[in-house]
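Me: I'm new to this one. Could you take a close look at the aromatic ring pairs and walk me through them?

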Amino acid sequence: MTNSDASMMADLSHAVMDAALADGDARFLSETIRDFARYRESWWIFDRAGWWEVTRADVAAGLDLMEANMRLADRAVRRSSGA
């Protein structure tokens with residue numbers, strides 16, 4: 001899923017994802033897991049070269065489930081910390 005060869009072009013640059021996150025067009029998997037982001041109806045994984053689109057349906061489904069579980073966990077942490 002990630003590429004250790006920095007000379008390869010990622011599917012999406014860091015600048016594009018940063019702008020999408022700032023504009024609210026993308027979101028991280030959770031408040032604490034920032035290696036995955038949802039953007040343009042796809043999941044993306046962070047790499048030093050940029051962001052790579054997750055193209056395997058089974059992996060995307062797993063990330064959907066993890067996002068739902070982490071949303072509940074994030075909410076519970078906020079509630080317990082009084083935030």
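Reply: Here's a walk through the ring pairs, with a short stop at one helix residue afterwards. Keep in mind that this is a predicted model, where local features need pLDDT of at least 70, side-chain atom pairs count only at pLDDT 80 or more, and totals for chains, interfaces and linings use all residues. Residues are numbered from 1 along each chain as its sequence is written, and side-chain values use heavy atoms, with hydrogens and water left out.

A pair of aromatic rings is described by how far apart the centres are and the angle between the planes. Rings of Phe, Tyr and Trp (its six-membered ring) pair if their centres lie within 6.5 Å; planes under 30 degrees apart are stacked, over 60 edge-to-face, and the rest tilted. That rule gives two aromatic pairs here. In one, the ring centres of Tyr 39 and Trp 44 sit 6.3 Å apart with planes at 55°, so this pair is tilted. Tyr 39 is buried at 13% relative accessibility, and Trp 44 is buried too, at 3%. (Buried means under 20% relative accessible area, exposed over 50%, and partly exposed in between, using a 1.4 Å probe and protein chains only.)

Phe 46 and Trp 51 make an edge-to-face pair, with 5.5 Å between centres and 75° between planes. Here Trp 51 is buried, at 3% relative accessible area, whereas Phe 46 is partly exposed, at 38%.

Now for the helix residue. Ala 68 belongs to helix 2, residues 57-81 (helices are DSSP runs of H or I, at least four residues, numbered from the N terminus). Ala 68 is partly exposed, with 30% relative accessible area. Between Ala 68 and Ser 30 there are 9.0 Å in space, C-alpha to C-alpha, and they are 38 residues apart in sequence.

Notes
Helices (H or I, at least four residues) and strands (E, at least two) are DSSP runs, numbered from the N terminus.
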